[in-house]
Amino acid sequence: MKKLTLMLLAAMLCTLPLGAAKKAKAKQLTEREYWCEQAWKMAQPVLENMAKGELQKNMKTEFSPSFDNRNRKVVYMETFGRLMAGIAPWLALPDDDTAEGRQRKQLREWALASYKNSVDPDSPDYLVWGASGQNLVDAAYIAESFIRAYDALWVPLDQVTKDRYIKEFKMLRKYEPPYTNWFLFSSTIESFIAKAAGLREYDDFRVMMPIRKTEEWYVGDGWYADGPVFAFDYYTSYVFHAMYLETLKNMIDAKQNGTRLEYQKYYDRAMKRAQKFAIILERFISPEGTFPVIGRSTPYRMAALQPLALLAWYQKLPKELSNGQVRAALTKVMHRMYDEQNNYNDAGFLTIGFCGHQPETADWYTNNGSLYMTSLSLMPLGLPADHDFWTPSLGHR
């Protein structure tokens, strides 16, 4: 009888639709295990290849049907920088002998080798640092990854590699950022230089001007205008809140007090704005795990929710949001977006689309390296597995 029951169960499982089988598998994982699975799936093809100097050889790339005439090798810098900005907090956790810990350690080792290759002119995976203004964007995400895991990802690099990064960052000063969120790419890079190389090395104007313009462009309720004119899109999420807070914090860490700006005062005010915006984002997420698709750059997927992830990792969520609310909301979106959709190509790299492969959603500047900005939603993995964020409760802290 027992054998017959097992045979019947096996037969029932075989007749389940593929999506149902995937859901059954997903339900066996804890929420943190599920997040780790998504992070590994996203990062492993990139970092394993790049650590060996083979990303540019093996990555299966995809470009917008309307892609402009810039150097197409920018795809590799976009892939690496944006991925690392999202998973850096996770890689900064100490080693342990769990399955997650072993994966994390492996990714960190690959990442450190990849950082070295990306600025080594003799490596096949040396990035095109001076090919176009686009490099300013993705250099900022590389700098952001160092900011988010300074002791784990910057400090262990050898001095030659560190010097190469500072040199490459400084050479990007030849690009004048457009009068938009791009100002914050400059300030993120320069403020990192101030922290890592000292106050004599950074360009003060490229920090001060973005701070002043960001203040001018705040329009209320947590939203920033992308330049003088408001645009209803997610660049408040993709860039403004995170890079503004990080610029200000870098200047505080660098002990730069000899200017007219009170960095701590500005930081505290920017944090309150980010908390207000986080409340709005959490309310955007429906019980089904959907959220409004608005504006340009929608293939960045879950990067639209970066402020929620960032504040959860900072442990600075507003009192109106509990850890459980945010974890449940982000997890629901993750399941909705990744469980049954064709988000990866047959080589394991992200495809262009919002939920699945949808090339028609691409903007003229989009390639499939751009899409790794979705990793920004994974920052709460930087909280230890025993942190309150990962407990089952949905109640307030």
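Asp-221 is partly exposed in this predicted model, because its relative accessible area is 48%, and partly exposed covers the range between under 20% and over 50%. You will find Asp-221 in the loop between strand E1 (218–220) and E2. Its backbone deserves a look too: phi of Asp-221 is near 55°, a positive value in a residue other than glycine. Most residues other than glycine have a negative phi.

Now turn to Arg-301, which is not a glycine and has a positive phi of about 55°. Arg-301 sits in the loop between helix H13 (263–284) and helix H14 (306–314). Is this arginine, Arg-301, buried or exposed? Arg-301 counts as buried, because its relative accessibility is 0%.

Back on the surface, Val-219, Phe-230 and Phe-232 make a nonpolar patch of about 300 Å². Follow the chain to Phe-230 and you are in the loop between strand E2 (223–224) and helix H12 (235–253). Phe-230 has 40% relative accessibility, so it counts as partly exposed.

From there, let's go to the interior. The largest nonpolar core has 134 residues, and those touching the most other members are Leu-47, Tyr-115, Trp-129, Ile-142, Tyr-165 and Phe-169. Helix H5 (residues 74–91) gives the most to this core, contributing twelve residues.

Ile-142 makes a handy viewpoint on its surroundings. Which residues does Ile-142 touch, not counting those up to four places away in sequence? Its contacts are Met-77, Phe-80, Gly-81, Tyr-115, Leu-127, Trp-129, Tyr-165 and Phe-169.

Terms used. Residues numbered from 1 in each chain as written. Predicted model: local features only at pLDDT ≥ 70, side-chain atom pairs only at ≥ 80, totals over all residues. Heavy atoms only, no water. Patch = residues over 30% accessible without salt bridge, like charges linked within 9 Å, V, L, I, M, F, W, Y side chains within 5 Å. Areas by Shrake-Rupley, 256 points an atom, 1.4 Å probe, with all protein chains shown as cover. Salt bridge = Lys/Arg side-chain N within 4 Å of Asp/Glu carboxyl O. Helix = DSSP H or I, 4+ residues; strand = E, 2+ residues; numbered from the N terminus. Buried < 20%, exposed > 50% of the residue type's maximum accessible area, 1.4 Å probe, protein only. Core = buried A, V, L, I, M, F, W, Y, C linked by side-chain atoms within 4.5 Å. Contact = heavy atoms within 4.5 Å.
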